[in-house]
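Trainee: I have a new model on my screen and I am not sure where to begin. Could you take me through it step by step?

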Amino acid sequence: MKATLDHVGIAVGDIRAALSFYRDALGLEIEAAEEVASQRVRAHFIPVGSSSLELLEATAPDSPIARFVEKRGPGLHHITLLVDDIGAALEHLKARAVRLIDDAPRKGAEGALVVFIHPSSAHGVLVELKQAVSKSRQVAGAVTRYTVGDLELISLSDGIIRLDGGLMFGLVPKPLWERNTPADERNRVTLAMRPLVVRGTRTMIIDAGVGNKGDAKFNRIYGIDRSQSLDRTLAEAGLGPEDIDVVLATHLHFDHAGGFTVRDEAGRLRPRFPRARYVIRRGEWEDATHPNERSRGSYHVENYAPLAEAGVLELVDDDQTIMPGVRVKRTGGHTMHHQAIWIESRGQHAVYPADLMPMTVHLPANWIMGIDAYPMDTLVAKKAFLEEAAAKEALVFFQHDPKTPAGHITRQNGTWQIRA
Ligand SMILES: [Zn+2]
Ligand SMILES: [Zn+2]
């Protein structure tokens, strides 16, 4: 059984005193409290790396936590381990005669499935097993629908990826970016991957996330978690791979083009969307198929070379309309031929700037990624982009933002702001 520590639950008698220790003395940040009415308990989560501490405060005298504190005093209440398959874990434990509190998985918070193991079998500790999309791994609004004129836009998710903070923020000092974008022990920050479906005269998908071809080492290095994968969110949106007519690439980095191809049972690479033509900018194609020492790490040829072999590739040279209402516009900067996707229908606008502005925190013009090949071009393109998005009142998609799929950009008192 593979398990990771999700959180440690601590029963608290005096929440003020507990907060003064964990928050003030240890200097940890406490998230807003969550009330669990059925348990008559208030939970205060404290993120520590990829796990958390959970301070449990009783809200009524008959709360199980109140009884626990009365009997044993405040202290360790339970530990929660995250498992991939709780059904299999349960069978495993039953076969080894472990004493369980729950005979079958039951529903916990946020749709998680949980099972409690009796402390008598766990050497005095109450152990909770949980199969979940844990909070720190969750992409908020993994399937979110919007209407722009006659077009339907569906923001999807291919899970999360963790990338080095320096790579994401370049010259911005860590104390500044870390405030809103906490780094893990390896200095990695959490990014969502959000492909966008556009439904109009045809059904298009813009980018396709990292896909599932990565091996264990790759998944570990990049902290890949595809609990909310494109397959899953596409299905939640009522679509399948065969519904996609057009795949449009902003650029060919592996966190955008990884989902363009899949490996079949025989180990052969093939296009992931069987009916689609794949539209890619020629300059980007040339750069991605001839990577240099600096770009090699981001361009993985198995993500796109099979498209040419399968005859589904369509290279475009200039800014142009790809299907009615959907236009590509080169930004450069991030890569020489990186492009933004502008969407218009009946006077309403949306834009998918991709890695020109990957997260909401990249709103200031000078918050430019360290990985950008031509950062001064990014600066120029981003300033123009902000002006155009605000003037058009465009719905802006934040492809890598784990919390906010889309919002509007406005200028207030001379500074740019995002209205989610
Ligand atoms: Zn990129
Ligand atoms: Zn990216």
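Mentor: We can begin with the word donor, which covers N, O and S atoms within 2.8 Å of the metal (3.2 Å for Na, K and Ca); water is not among the atoms, so sites may look incomplete. Please keep in mind that this is a predicted model, where local features need pLDDT of at least 70 and side-chain atom pairs count only at pLDDT 80 or more, while totals for chains, interfaces and linings use all residues. Residues are numbered from 1 along each chain as its sequence is written, chains are lettered from A and ligands numbered from 1 in the order in which they are written, and side-chain values use heavy atoms, leaving out hydrogens and water.

Trainee: OK, so which residues coordinate the zinc ion (ligand 1)?

Mentor: The zinc ion (ligand 1) is held by H251 through NE2, H253 through ND1, H334 through NE2 and D355 through OD, at 2.1 to 2.2 Å. Along the sequence, the spacing of these donor residues reads H-x1-H-x80-H-x20-D.

Trainee: And what do the angles among its four donor atoms make of the site of the zinc ion (ligand 1)?

Mentor: The angles run from 87 to 174°, and the site is classed as irregular. Four donors would be tetrahedral if all angles lay between 85 and 135 degrees; four would be square planar, and six octahedral, if opposite donors were over 155 degrees apart and all others between 65 and 115, and anything else is irregular.

Trainee: How far apart are the zinc ion (ligand 1) and the zinc ion (ligand 2)?

Mentor: They are 3.5 Å apart, and D355 coordinates both of them. H251 sits in the loop between β15 (246–248) and α8 (254–257), whereas D355 sits in the loop between β23 (348–352) and α11, so this pair ties together parts that are 104 residues apart in sequence. The names come from DSSP runs, numbered from the N terminus: helices are H or I runs of at least four residues, and strands are E runs of at least two.

Trainee: Are H251 and D355 buried or exposed?

Mentor: Both H251 and D355 are buried, a word that means under 20% relative accessible area, with exposed being over 50% and partly exposed in between (1.4 Å probe, protein chains only).

Trainee: Changing topic, how many salt bridges are there in the whole structure?

Mentor: A search of the whole structure gives 21 salt bridges, each being a side-chain nitrogen of Lys or Arg within 4 Å of a carboxyl oxygen of Asp or Glu. One of them joins the side chains of R23 and D24, at 3.0 Å from N to O. R23 counts as partly exposed because its relative accessibility is 39%, and D24 counts as partly exposed because its value is 49%.

Trainee: What about D184 and R188, are they buried or exposed?

Mentor: D184 and R188 are both buried, and they form a salt bridge whose closest N and O atoms are 3.0 Å apart.

Trainee: Which parts of the chain do R411 and E387 link?

Mentor: The side chains of R411 and E387 meet in a salt bridge at 3.0 Å, N to O. This pair links distant parts of the chain, with R411 in strand β25 (residues 406–412) and E387 in helix α11 (residues 375–391), 24 residues apart. In addition, salt bridges that share partners join E35, R42 and E57 into one network.

Trainee: What does the side chain of H44 make a polar contact with?

Mentor: It is the side chain of E57, at 2.9 Å. A polar contact is a pair of N or O atoms within 3.5 Å; within protein, one must be able to donate a hydrogen and the other to accept it, and residues adjacent in sequence count only if both atoms are side-chain atoms. H44 is found in strand β3 (residues 41–48), and H44 counts as buried because its relative accessibility is 9%.

Trainee: Last topic: which way do the side chains along strand β9 (residues 144–148) point?

Mentor: They alternate, with T144, Y146 and V148 pointing to one face and buried, while R145 and T147 point to the other face and are not. Strand β9 runs antiparallel to strand β10 (residues 151–155), joined by five bridges, and two strands pair if DSSP finds at least two bridges between them. The bridge partner of T147 in β10 is E152. The hairpin of β9 and β10 has two residues between the strands, and there G149 takes a positive phi near 60°.
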